[in-house]
Amino acid sequence: ALTVLFLVYPFVSQTVFQGFSCRALDEDEEWLEVDYQISCLSDSYVAFVSLGFLGVCIYPLGVPAMTLLLLIKNGGEIKSGGPAFERYDFLVADYKAEFYYWDCIEMLRKALLTGVLMFFNKGSLSQLVLAIIVCVGFLCAATWLQPFASRTANLFKVGTEVTLLVTMVLVVLLKVDLTKEDIPGGEDFVGGLLLLINTALPSASFAIGFLFYGFDSVSAKIEKIRDVEFDSNPVAQDDGETDDA
């Protein structure tokens with residue numbers, strides 16, 4: 001049930017936030033972008049928005065928040081590899097023991113960038129600046145803490161965070177009049193740069209990580225399993241002591 005809940009999380013969250021995305025077509029005329037038959041100025045839409053806020057609290061924000069509390073409650077068993085680790089394996093297995101909760105932080109980050117920020121003057125420069133601040137914060141956290149068990153995954157994560165940050169900065173350029181700036185090609189150049197950044201940086205970070213580290217998390221888990229099996233097998237320990245002697 002938890003696996004299904006998290007698989008549909010991005011789609012349900014996106015649908016919930018679409019209910020708040022209105023577009024002004026004229027003065028005193030504002031319509032819902034996903035359904036232009038619904039006026040955002042009507043009384044029925046006010047009731048709809050009230051239910052929408054409840055939906056945001058229950059799903060896009062509520063699911064990761066409650067899951068975070070659940071993981072923290074079972075943090076001891078998760079870090080020691082107990083029954084709770086097996087139960088929430090799909091959420092915690094890719095991370096270091098001390099960062100078992102990181103997947104919930106990632107979901108809250110996505111909900112913040114793709115949904116919550118839409119309430120801050122959609123499409124404005126101030127919204128972009130706020131998004132850049134959020135990206136810088138998560139980039140610093142991913143670089144400093146390196147929460148993944150795999151060094152390749154940590155490097156790839158940093159690469160994707162840098163890509164997102166550079167994308168936000170380049171989008172700021174599209175908010176100004178590039179004809180007055182000394183940028184060859186103007187918007188076409190920025191568009192090409194966006195395409196290059198979003199393909200080259202993540203690919204390069206993954207390739208470099210795989211080249212230097214491979215899938216080190218897999219080998220680490222295998223070694224951990226072997227150590228556990230060795231410690232629980234007295235015959236193997238006796239053989240080892242004999243060999244050492």
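Which residues are exposed on the other side of helix H9? I would like to keep that question open for a moment, because what we are looking at is a predicted model, and the overall picture should come before the detail.

The protein chain has 245 residues, of which 32% count as buried, and its secondary structure comes to 13 helices and three strands. If we take the contacts between residues at least 6 apart in sequence, 58% of them join residues at least 24 apart. The chain exposes about 15200 Å², and carbon and sulfur atoms supply 65% of that area.

Let me now return to H9, which runs over residues 125-145 and has 21 residues; at 1.5 Å a residue these should span 30 Å, and the end C-alpha atoms are indeed 30 Å apart, so the expectation and the model agree. The buried residues of this helix are Gln 127, Leu 128, Ala 131, Ile 132, Val 134, Cys 135, Phe 138, Leu 139 and Ala 142. When one looks down the axis of H9, these buried residues fall within an arc of 165°, and therefore they line one face of the helix. On the other side of H9, to answer the opening question, Ile 133 and Trp 144 are exposed. As for what covers the buried residues, the cover includes helix H8, residues 102-114, and helix H10, residues 151-173. Just after H9 ends, Gln 146 takes a positive phi of about 50°.

Helix H10 also gives us a pair of positions to look at in the viewer. Val 171 has its place in H10, and with a relative accessible area of 25% it is partly exposed, since that value lies between the 20% and 50% cut-offs. The C-alpha atoms of Val 171 and Leu 125 are separated by 9.4 Å, although the two residues are 46 apart along the chain.

I would like to spend some time on the salt bridges, of which the count comes to four, and I will describe those that involve H8 and H10. The side chains of Glu 106 and Arg 109 meet in a salt bridge at 3.1 Å, N to O. Because these two residues are three apart in helix H8, about one helical turn separates them, and both of them are buried. Glu 106 has a further partner in Lys 157, with a salt bridge at 2.8 Å, N to O. Here Lys 157 lies in H10 and Glu 106 in H8, so the pair ties together parts that are 51 residues apart in sequence, and Lys 157, like Glu 106, is buried. The side chains of Glu 161 and Arg 109 also meet in a salt bridge, at 3.6 Å, N to O. Since Glu 161 lies in H10 and Arg 109 in H8, this pair ties together parts that are 52 residues apart in sequence, and again both partners are buried. Through shared partners, these salt bridges join Glu 106, Arg 109, Lys 157 and Glu 161 into one network.

Moving along the chain, we come to helix H11, residues 187-213. How does the expected span of its 27 residues compare with the distance between its end C-alpha atoms? At 1.5 Å a residue the helix should span 39 Å, and the end C-alpha atoms are 38 Å apart, which agrees. In H11 the residues Val 190, Leu 194, Ile 197, Pro 202, Ser 205 and Gly 209 are buried, and what covers them includes H10. Just after H11, Gly 214 takes a positive phi of about 65°.

Finally, let me go back towards the N terminus, to helix H2, residues 9-18, where Ser 13 is found. Is Ser 13 buried or exposed? At 6% relative accessibility Ser 13 counts as buried, because the cut-off for burial is 20%. Leaving aside residues up to four places away in sequence, Ser 13 touches Tyr 59 and Pro 60. Phe 11 is found in H2 as well, but Phe 11 is exposed, with a relative accessible area of 58%. Together with Val 4, Leu 7 and Val 8, Phe 11 forms a nonpolar patch on the surface, and the accessible area of these residues together is about 400 Å².

How values were computed:
Residues are numbered from 1 along each chain as its sequence is written. This is a predicted model: local features need pLDDT of at least 70, side-chain atom pairs count only at pLDDT 80 or more; totals for chains, interfaces and linings use all residues. Side-chain values use heavy atoms; hydrogens and water are left out. Helices (H or I, at least four residues) and strands (E, at least two) are DSSP runs, numbered from the N terminus. Buried means under 20% relative accessible area, exposed over 50%, partly exposed in between (1.4 Å probe, protein chains only). Contact means heavy atoms within 4.5 Å. Patches are made of residues with over 30% relative accessible area and no salt bridge: like charges are joined within 9 Å, nonpolar side chains (Val, Leu, Ile, Met, Phe, Trp, Tyr) within 5 Å. Accessible areas come from the Shrake-Rupley method with a 1.4 Å probe; for residues, only the protein chains shown count as cover. The expected span of a helix is 1.5 Å times one less than its number of residues. The arc is that of the directions from the helix axis to the C-beta atoms.
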